[in-house]
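Reader: I've got a structure to look at and a pile of terms I don't know yet. Can we go through them together?
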Amino acid sequence: MLLNRRALLKVSIAGGVAVGLTGCSLLPRKASVQPDGYAGAVGFPDGSFGVSAFNRNGRIVWQAPVDSRCHSGCNRPHQQETLFFERRPGWSFYVFDSTTGARKHHISAEPGEHFVGHGVFSTDGRRLYVTASRYDQGAGIIAVYDAEKGYRRTKTFDLAGIGPHELTLHPDGETLVIGLGGILTHPDYDRMKLNLDTMDPALVLMNRHSGKIVGRFRPPHHQQSARHVSVSGDGRVYVAYQHQGPLYETPPLLARLEEGTLREYRFDEDTRTALANYISSVVAHPENDLVAAASPIGGTAIIFRGKTGELVSRAHIADCAGIQTLAGGDFLVSSGRGKLIRLGAGKPARELADLSVHWDHHLV
Amino acid sequence: MQGITRLLCTSILTLTSPLAWASDANIQARQQWYEGIATGYQSLTTEAGELAESARDYCQNPAEGSREHVEAAWLNAFLAWQKVRLVDFGPVENNNLSWQFQFWPDPKNLIARKAAYLIGNDEPITPSVINQSGVAVQGFPMIEYLLFDQEFNAGETSLPVARTCELLTNVAGHLKSNSDALMAGWQAFRPHYLETEQYFDTTIRAGMATLEILEERRLAQPMGLRGSNKRNPYIADAWRSGKSLQTVAATVDGLNRYFLPGLEISLEAKGASDLADRIRKQFNEVQQNFPGAHLPLATALKEEDQFRALQSLYVDISQLTTLVNDQAAVALGVVRGFNSSDGD
């Protein structure tokens with residue numbers, strides 16, 4: 001989709017602009033690596049793009065320009081490195097110094113391949129696993145890089161399927177959990193979806209050393225594009241779909257892996273409508289049984305209990321997309337309108353910050 | 001006591017009536033849009049039928065004047081498409097129909113490459129071949145290439161060579177069949193569109209996206225107002241036929257006929273009649289640039305006098321986009337956000 005340049009022009013980001021915290025002096029700590037810093041892909045007023053990092057005081061720590069719009073990123077464990085991946089079709093990813101924003105590496109996709117916006121590290125921070133596509137064949141792959149050797153490409157694992165998107169590492173440290181959206185695209189045809197009738201989406205589990213696929217779980221409906229994934233601290237696997245059928249159908253969009261099948265959550269009709277067949281992020285909290293999901297199209301973020309599917313919070317947040325887990329059990333939701341909203345079980349959503357940026361899909 | 005009760009009732013009414021109005025207006029707006037788009041699709045079906053027929057006639061008997069007839073029929077059908085191009089939801093999403101009608105942009109010149117491949121091949125060009133050849137083959141730009149591309153028309157395979165005629169008639173037939181499918185799909189879509197409230201926002205967003213593409217990709221970028229600062233007519237649509245600006249006029253006309261009436265209903269229900277008036281007037285301002293601005297874009301980009309006319313059109317469209325995409329969208333609470341229009 002075309003970037004809304006008009007909206008961007010209205011944004012006034014200047015170097016070192018403060019986040020503008022509202023009603024509190026510090027942002028909460030994250031419940032993940034590098035707990036005191038946040039980063040996200042952003043759009044700048046002149047239509048260019050970057051990555052922006054801010055600290056818990058709400059101060060922009062650094063902003064780094066990038067060649068084209070980025071999507072998501074990841075922090076390298078045990079190292080001060082933050083990576084961001086270009087939005088699909090992504091031709092490169094960037095490695096920044098987490099403290100200064102200095103660009104340490106800029107790694108291009110191999111010929112005939114493009115990235116799709118996501119990557120994850122092994123727990124020791126050495127191997128980087130990146131979802132990618134060999135676009136002429138329409139083959140989804142996991143590209144493996146050695147971070148200690150300047151992000152040299154070492155391996156390629158075939159997913160035997162089309163359109164991988166988000167991936168994460170299971171707490172067992174060995175299994176990659178991959179959302180295979182099933183949608184065929186080709187960079188020559190913009191973002192056109194070429195196979196909606198024959199999509200074959202799946203949640204894929206892969207051994208990160210051998211590339212062996214150890215599990216493939218298909219949603220009940222072939223147009224449930226299984227794009228985003230998350231795993232709780234105790235290893236429960238969640239997947240979020242983007243339904244490719246018409247808006248007047250409102251099938252389940254969230255599921256957990258249980259006893260070898262994808263068990264879908266069935267929310268009430270209002271909630272299904274509010275999610276507008278599109279989930280941009282699903283995140284399981286490492287400290288409890290809560291799971292959060294955001295829909296920018298529906299302008300809705302929800303929290304539900306992983307075990308029971310009980311909906312415990314639903315908030316209207318325009319253009320919300322990114323989710324981070326906070327120490328203590330709540331979630332932080334970011335929006336394309338610059339908001340940071342704290343969302344927890346059984347309490348009202350609270351606006352923590354009104355930023356002068358458009359945060360992209362994922363908050364790192 | 002009675003006075004207080006009446007006062008309370010009045011307050012409640014005051015609070016609830018705008019909501020009730022808005023909801024009614026939402027339904028009325030969708031009814032208006034539904035009918036308007038149906039009219040536009042019907043016109044596309046009719047014009048696509050004329051195109052298929054004239055292509056067939058020309059290829060059977062390439063008599064004097066028959067090629068001009070095909071060219072005129074192509075333009076009429078393409079302009080009919082431009083008028084409904086704003087619709088990016090509903091049955092036009094099925095099988096990528098929208099892309100099939102118009103594959104654009106085409107930075108790798110796939111249209112020329114696909115045409116060369118199909119014409120140079122021995123396999124008969126049948127409806128099934130067109131069906132399997134992808135969107136670069138299946139729509140108006142392919143026919144435009146066959147009819148208007150200078151290099152192609154100077155070559156040995158130019159129309160009415162039999163093989164090229166096969167391609168022309170089959171693509172025209174495919175367009176006709178897709179137009180019919182779109183019309184039938186729209187009719188079947190009626191209850192869903194009218195009963196599903198979210199299609200209100202969807203339709204407003206569709207109008208906003210159309211204006212943004214018009215301003216940015218169909219004008220600002222070819223005019224060199226972005227990025228490289230180089231004027232480039234070849235990144236606009238319909239450059240081969242020199243009809244880029246005529247298609248812009250048709251898209252504006254489509255927005256005026258099929259999108260504006262529902263928008264006005266919604267704005268008036270929100271008490272924003274002034275804004276509705278300003279938008280209506282701005283549509284008139286834009287349309288007053290035509291037919292003066294119907295010249296080929298390549299000419300308009302070369303000649304400074306003509307370029308000034310183009311700038312004037314650009315400014316008017318830019319102001320219209322501001323009124324609709326900023327002011328009306330805010331008044332109606334419709335967000336077309338950084339993330340919500342991303343698709344990942």
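Author: Sure, starting with two helices: H2 (residues 66-84) of chain B and H10 (residues 244-269) of chain B pack at about 45 degrees, axes 7 Å apart. This is a predicted model, where local features need pLDDT of at least 70, side-chain atom pairs count only at pLDDT 80 or more, and totals for chains, interfaces and linings use all residues. Residues are numbered from 1 along each chain as its sequence is written, and chains are lettered from A and ligands numbered from 1 in the order in which they are written.

Reader: Why are H2(B) and H10(B) called oblique to each other?

Author: Under 35 degrees counts as roughly parallel, over 145 as roughly antiparallel, 65 to 115 as roughly perpendicular, and the rest as oblique. The angle of H2(B) and H10(B) is about 45 degrees, so the pair is oblique. The crossing is right-handed.

Reader: Which residues of H2(B) make the contact?

Author: B:Phe78, B:Leu79, B:Gln82, B:Lys83 and B:Val84. Contact means C-beta atoms, placed from the backbone, within 7 Å.

Reader: What makes E4 and E7 of chain A edge strands?

Author: Each of them pairs on one side only. Their open sheet runs E4-E5-E6-E7 in chain A, with antiparallel pairing. Two strands pair if DSSP finds at least two bridges between them, and E4(A) and E5(A) have 4 bridges.

Reader: How confident is the predictor about chain B?

Author: pLDDT, its confidence in each residue, goes from 0 to 100. Chain B averages 91, but residues 1-21 of chain B stay under 50.

Terms used. Contact = placed C-beta atoms within 7 Å. Axes fitted to C-alpha atoms, helices over the stretch in contact; angles between N-to-C directions. Left-handed = near helix turned anticlockwise from the far one by under 90°.
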